[in-house]
Amino acid sequence: MRTAFDRMEEESDQLAETTTYNMEEQTEPQESEPKSNSIHQPFLEKNQTLSSIPLAMIGAKVSHIESLDYEINENDLFKHDWRSRSRVQIMQYTLLKWLQALLVGLLTGITATLINLAVTNIAGYKLLAVFHYIKKKRYMMGFFFMTGVNLLLTLVATILCVFFAPTAAGPGVPEIKAYLNGIDTPGMYDATTLFVKIIGSIGAVSAGLDLGKEGPLIHIGACIASLVGQGGPDNYQIKWRWIRYFNNDRDRRDIITYGASSGVCAAFHAPVGGVLFSLEEVATWWRSALLWRTFFTTAIVVVVLRASMEYCEAGGCGLFGEGGLIMFDVSGVPVTYHFVDLIPITLIGIIGGVLGSLYNYLLHKVLRVYSLINEKGRLAKILLSLTVALFTSACQYGLPFLVSCKPCDPSLYSKCPNTGRVGNFKQFNCPKGHYNDLATLLLTTNDDAVNNIFSINTSTEYQTISLVIFFMLYCILGLITFGIAVPSGLFLPILLMGSSYGRMVGIAMEPYSKMDQGLYAVLGAASLMAGSMRMTVSVCVIFLELTNNLLLLPITMFVLLIAKSVGDCFNPSIYEIILDLKGLPFLEAHPKPWMRNITVGDLAAVKPPVVTLSGIEKVSRIVDVLRNTTHNGFPVVYNTVVPHVGQVTEVHGLVLRAHLLLVLKKKWLLQERRRTEEWEIRERISCVDAAERWGNIKEVTLTKEETEMYVDLHPLTNTTPHTVVETMSVAKAMVQFREVGLRHMLVLPKYSGPAVPPLVGILTRQDLRAHNILSAFPNLEKSHAGRKRH
């Protein structure tokens, strides 16, 4: 059986075979000196040409993806626009950026509030009806009602994702991480995706599935930010000139960073944690101005959430309005620990690292199986989601019958037993004055389940057998639920699994430790999150803000460091695994060790010859190049006379495919081969036009006379592209490519002269991926491993 990812590789190979390059008007072939070319080293024996066909899984299908233009394109249009801006215009541009940050925070906070209220009220009224049937001993009716409602909610969420917005399924965090790394993921931030993400999250979480709204909220924040940045949906965009100034990849990257941070803040009530999450986990590129605006955005979200909480406390949000807006407060107990407490704390960290890496490994296998099922079509996706919902409902309803009831502790201030509302001590099928501790965790909303297991001053509330059943169930549900066609997040399943084994360690340490069991549950949740997601700083701050207990800082840091260190010994983080499964060309922060054994000149040598254009090019030549290549950038070269040297070929810069399409669509053509004056092009093309994308060559219509005309590429050519010498190692080039946010990197020869070609080649993101390099040089990794053994 072929998986979707195997199919993606086959399509990539077919596309590589059918892509042709028009090299008839190329410059003379590149020559290299045998002595300086390391291609003859034994471990650099090439197997094939370097493949760089950009295909990845986006939503439910294999899509063609492109890199983003984060680099400043310093052509004549940009330089004139920068020189001509007045101080008032610069202030207006800055003020509008702050206004965008304000709108993103405000809209994300309002959206998160509405999602919280919808989930808690829908799930709350559903559970009230279930407990009503149980109280009347109508157990089968209670099961059918609960299962029917859950199936209906899951069906709505799945149908929306399958038929209207496949990109809304899943958490969306890996795609955001890829976008901020420089990869365009089509359809991820559309208005339809936002709508389906909101409604689908409400349906899936209300159905009691083992997933949370935290991951989807990050994607929702990014979608809101994207729509604010581009002035609305594609079909109804605001055409105001100043809005168009932000419709470029660099500004859009910044505003999506605001959105991701605001989503984390809305999910966990953690403004500082939201900023740090973007800094540590999501964003590849950062600067001080971005830090300030991101912090401002999360501050706005917190203000909206606090106002919502105060309003709901007055009873204006329904019977269950407060459930989704409260924090998991554990500040009511003193945090005192001694040297002996470091033993169980260390154990929790080790368990978190081991279980986190095991969870990543098993989830990887499950996702590959699900890809086989999803290939069967839309009906298979719907049936898979409904099967998971049915299994989840049966377990949540039936498993509490397996444990015995416990008498209420008269010393507790909480209401016991609880008849189904928010809080601990669910009565379920127990007699008066007794409660079912497993029903307290299973028959409740997801947020309330976390709050219950984090509860403090409840050392006798849970039986060990109940926690064991709860842990095993949510391990299974956490694996089979993630990957179905509904909006889902990883945070809540990890929180529930980690807190359950943390609480079990707390019960075991009860005779020896003075720490509250609720604090052990918090440490367990933090350890599993670090063990699976490999985040430390942001998780630490999120948990401190979430639990409102600063005294947990030292031991939380200790647990997180242990869990991450142990997890790193086995496999990558869960987001890295998903990125790899989807085929997104994410560039890691650290290059592989063997990348220092190969130079960028070696990579350029196994690529097809570079396609270049002249400074003044014929229209027919441009059309031919655009039709017969998939490149997004073309070096501009021409012959010039240098004093005391003679005629040499000069690399003037790099022109983008989008700019070539722009001049063809705008019909900015010349009757004769000549250079244009600066004012000529400004009359037809603005800097804002140059920042946008202009479709493809199929949309361009030209007459036969127009194809014989010329285009002066000098005003549109980036005269300061990033260049490297052919002797630079791939490791160093990859770090530079990632940190600067490049799309193209020109490789120049080590020596210069009249007989030396001016350009060795051009490298893109795909060329620097380890997988692609090893496909062309299979002996590289083996040679490095061999030298390490010796």
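Is Cys-395 buried or exposed? Cys-395 is buried, with a relative accessible area of 13%. (Buried means under 20% relative accessible area, exposed over 50%, and partly exposed in between, using a 1.4 Å probe and protein chains only.)

This is a predicted model: local features need pLDDT of at least 70, side-chain atom pairs count only at pLDDT 80 or more, and totals for chains, interfaces and linings use all residues. Residues are numbered from 1 along each chain as its sequence is written, and side-chain values use heavy atoms, with hydrogens and water left out.

**Exercise 1. Find the disulfide and describe its two ends.**

Step 1. Set the criterion: a disulfide is a pair of cysteine sulfur atoms within 2.5 Å. A search of the whole structure finds one.

Step 2. Name the pair. Cys-405 and Cys-430 form it, with sulfur atoms 2.0 Å apart.

Step 3. Place the ends. Cys-405 sits in the loop between helix H13 (378-398) and strand S5 (406-407). Cys-430 sits in the loop between S5 and strand S6 (434-435). The two are 25 residues apart, so the pair links distant parts of the chain. (Helices, H or I of at least four residues, and strands, E of at least two, are DSSP runs numbered from the N terminus.)

Step 4. Read the handedness. The angle about the S-S bond is -85°, and the link is left-handed.

Step 5. Check exposure. Cys-405 is partly exposed at 28% relative accessible area. Cys-430 is buried at 7%.

**Exercise 2. Check the length, setting and ends of helix H9.**

Step 1. Compute the span. The expected value is 1.5 Å times one less than the number of residues. For the 20 residues of H9 (residues 249-268), that gives 28 Å. The end C-alpha atoms are 29 Å apart, which agrees.

Step 2. Judge the setting. In H9, 19 of the 20 residues are buried, so the helix is largely enclosed by the rest of the structure.

Step 3. Inspect the ends. Asn-248 caps the N-terminal end: a side-chain oxygen lies 3.2 Å from the backbone nitrogen of Arg-250. His-269 follows H9, and its phi is positive, near 55°.

**Exercise 3. Map the nonpolar cores.**

Step 1. Define the set: buried Ala, Val, Leu, Ile, Met, Phe, Trp, Tyr and Cys residues joined through side-chain atoms within 4.5 Å.

Step 2. Take the largest core, with 125 residues. Among the members that touch the most others are Ile-176, Phe-268 and Phe-454. Helix H18 (residues 517-533) gives the largest share, eleven residues.

Step 3. Look for another. A second, separate core of 28 residues includes Leu-661, Trp-668, Ala-690 and Val-711.

Terms used:
Polar contact = N/O pair within 3.5 Å; in protein donor to acceptor, adjacent residues only side chain to side chain.
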